[in-house]
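Trainee: Could you take me through this structure, beginning with the ligand and ending with the domains?

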Amino acid sequence: MPRYILFNLKKNLIKILVITVSSYLLNSCKNVPSYHSNSDTLIEQKVDSLLALMTLDEKIGQMSQVRHFDDIVDEDISSKFIGSVIHTQGPTPGADAKEWQDRFIELQKMALSTRLGIPLLFAVDAVHGQNTFDGATIFPHNIGLGASRNSKLVEEAASITAMETQATGFNWTFSPCIAIPFNEKWGRVYEGFSESTVLTSELVKASIRGHQGVLSDKKTVMATAKHFVGDGSTDFGQEGGYTSLSMQEISEILLPPYREAVSSGVGSVMVSFNSISNVPMHAHKVLITDTLKIGMGFDGIVISDWKGYSRFGANAIINAGVDMVMAVDGDLDIFQNGVKTGILNGDINHKRIDDAVRRILRQKFRLGLFKNPFPDPELVNKIGCEAHRNKARQAVRESLVLLKNAKNLLPIEKKIKKIVVIGEHANNSGLQSGGWTIQWQGTHDNYKGATTIMDGIKNTAEGLVVYDEKATEKHTDADIAIIVVGETPYAEMFGDIGDGNGAHKLTLSEEHQKYITTYTDMGIKTVVILISGRPLVVTEQIKISDAFIAAWLPGSEGAGIAEVLFGDHDFKGKLPHSWPKSEEDFENKYGPNFWDQSIVPLYEFGYGLRYY
Ligand code: BGC
């Protein structure tokens with residue numbers, strides 16, 4: 001018999017033996033107790049049985065997360081035993097939700113075709129709605145939800161987001177961000193709920209409940225508390241910078257929302273880009289293993305952030321307690337080979353790998369993926385449906401904070417004769433939504449299904465409404481000017497203000513300042529709506545205008561703002577951050593905030609006017 005036939009025979013015999021043993025073991029737990037039961041004890045038994053069958057390559061594979069394009073050719077899913085797929089910036093998985101689902105079903109089938117048939121986790125940054133899908137319901141960013149202080153609303157928003165996320169084929173979201181932002185110069189202030197630990201903790205609980213519900217029911221997704229820890233409290237608000245808080249401050253100010261997340265059963269925690277006590281957070285064993293896993297009893301997955309392996313110390317991050325690695329952008333082989341070498345040469349203890357894989361498998365069982373690994377096609381028609389948009393509109397209304405209302409200019413009489421609306425942010429759903437909307441860095445265009453602030457004004461006002469985007473004409477006969485100004489979209493480090501010479505500033509652009517003075521100089525009653533991911537230094541603009549509203553980043557339901565402007569609803573929002581009065585407020589490490597009372601803010605945390 002030729003050698004290659006003998007070799008194949010031998011290989012096949014081994015394969016048959018492995019499959020028989022594994023299916024015996026799996027089936028033995030399939031019978032009594034059932035393989036698909038929800039009970040935690042049973043899940044632990046199933047995890048142990050599965051783990052006992054796994055080769056080192058299969059284990060390392062489970063610890064790998066890749067993009068569905070670029071990082072892999074499809075066959076890698078099975079040949080490299082990939083544990084999870086992420087969709088972020090880049091080619092979308094298809095043209096519509098069905099195609100997104102189909103693409104992920106195709107990849108899932110490849111994972112299921114492997115020897116042990118372990119299903120994939122599909123992850124996405126659905127941070128204010130399923131914001132990577134054009135046509136989804138997009139909620140206000142977390143800072144706006146923080147202003148609402150309404151935990152029921154936060155829970156409902158999260159459960160809608162979860163449903164639309166599942167509808168596009170995912171079972172895992174990298175949300176909520178539970179940062180405590182200390183400095184408005186940080187480009188991610190809007191991703192967190194508030195600078196207050198107490199308020200953040202309250203909303204974190206609601207968010208986890210809403211996202212995860214009953215994890216196995218296919219309408220919810222596994223949530224991720226991020227970024228552990230100190231992301232928002234770096235010196236000078238630098239993304240991925242140095243967090244110089246003491247361990248006691250970290251424990252008292254930054255960790256409580258994580259304790260809430262863990263006791264609410266959060267499925268995963270993402271590690272942060274910043275460093276603490278001169279150690280990159282990814283390699284911070286004391287915080288990841290001793291504090292989060294052992295101290296808080298977190299039994300879910302610790303996921304690295306983008307290219308965490310090659311950026312923050314390779315095997316040191318695994319030893320510190322990272323369980324799954326975002327092995328993207330050229331990192332997959334570096335990670336898989338690096339960990340394997342680490343285990344073989346004793347740098348990494350095999351027990352650490354087993355702990356990591358155990359956590360990953362546990363969550364896959366909790367999500368019910370072994371029983372039902374595919375998304376539900378019925379959910380597709382829920383994306384952007386009316387009920388979801390109504391809820392997002394309520395969130396928009398409740399997030400608005402009224403900072404000034406001289407002589408009760410607001411609410412505006414619906415019958416008022418002539419309204420002039422100024423500013424490109426007034427009629428552009430992309431600009432009103434901020435980063436992480438359709439694209440990673442957001443979009444400057446209208447997107448599917450969204451309404452603008454102008455749409456709402458036009459539908460509500462009974463008199464003449466004129467839109468003059470750049471305030472090029474002088475509407476001297478206007479009874480009121482509604483001027484919408486603010487920041488252009490940004491995400492992550494692109495939003496950092498740094499020394500103030502970059503793309504973003506603590507103040508309004510000169511052009512936007514001029515929109516306001518054009519009308520205040522004419523003596524026309526002026527309402528300013530500020531679209532921004534953080535409080536800005538607008539002391540002068542507040543002073544000269546008659547009414548001033550902080551609208552944050554409202555998302556797809558911009559028309560909801562008119563419901564409050566014209567008095568169908570009252571203002572409810574309260575400042576989730578202290579509001580700065582001058583750029584000098586930021587000369588030191590932090591701006592004015594709850595924790596550092598040395599700077600007197602223009603408005604304190606919690607400020608917000610109402611009509612009645
Ligand atoms: C961000 C994370 C995000 C990840 C995946 C990173 O750059 O810091 O918040 O979840 O990318 O897109």
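Trainee: Which residues come nearest to the ligand?

Mentor: This is a predicted model, and in it 13 residues lie around the ligand, counted with a heavy atom within 4 Å. Of these 13, the ones that come nearest are Asp 125, Arg 188, His 227, Asp 305 and Glu 492.

Trainee: By class, how many residues of the shell around the ligand are charged?

Mentor: The shell has six nonpolar residues and two polar ones. The remaining class, to which Asp, Glu, Lys and Arg belong, has a count of five.

Trainee: How far is a polar side-chain atom of His 227 from an oxygen atom of the ligand?

Mentor: Polar contacts are pairs of N or O atoms within 3.5 Å, and the side chain of Arg 188 has such an atom 2.9 Å from a ligand oxygen, as does the side chain of Lys 226, also at 2.9 Å. For His 227, the distance to an oxygen atom of the ligand is 2.7 Å.

Trainee: What percentage of the ligand's accessible area does the protein cover?

Mentor: The ligand sits in the largest pocket. On its own it has 310 Å² of accessible area, and the share covered by the protein is 95%.

Trainee: How far apart do the C-alpha centres of domain 1 and domain 2 lie?

Mentor: The chain is divided into domain 1, residues 3-380, and domain 2, residues 400-586. Their C-alpha centres are separated by 37 Å.

Key:
Residues numbered from 1 in each chain as written. Predicted model: local features only at pLDDT ≥ 70, side-chain atom pairs only at ≥ 80, totals over all residues. Heavy atoms only, no water. Polar contact = N/O pair within 3.5 Å; in protein donor to acceptor, adjacent residues only side chain to side chain. Areas by Shrake-Rupley, 256 points an atom, 1.4 Å probe, with all protein chains shown as cover. 1 Å grid on protein atoms, 1.4 Å probe; cavity = no way out; pocket = protein on both sides within 12 Å on 5 of 7 lines; lining within 4 Å. Sits in = over half its atoms within 2 Å of the grid points. Domains from an automatic or database assignment.
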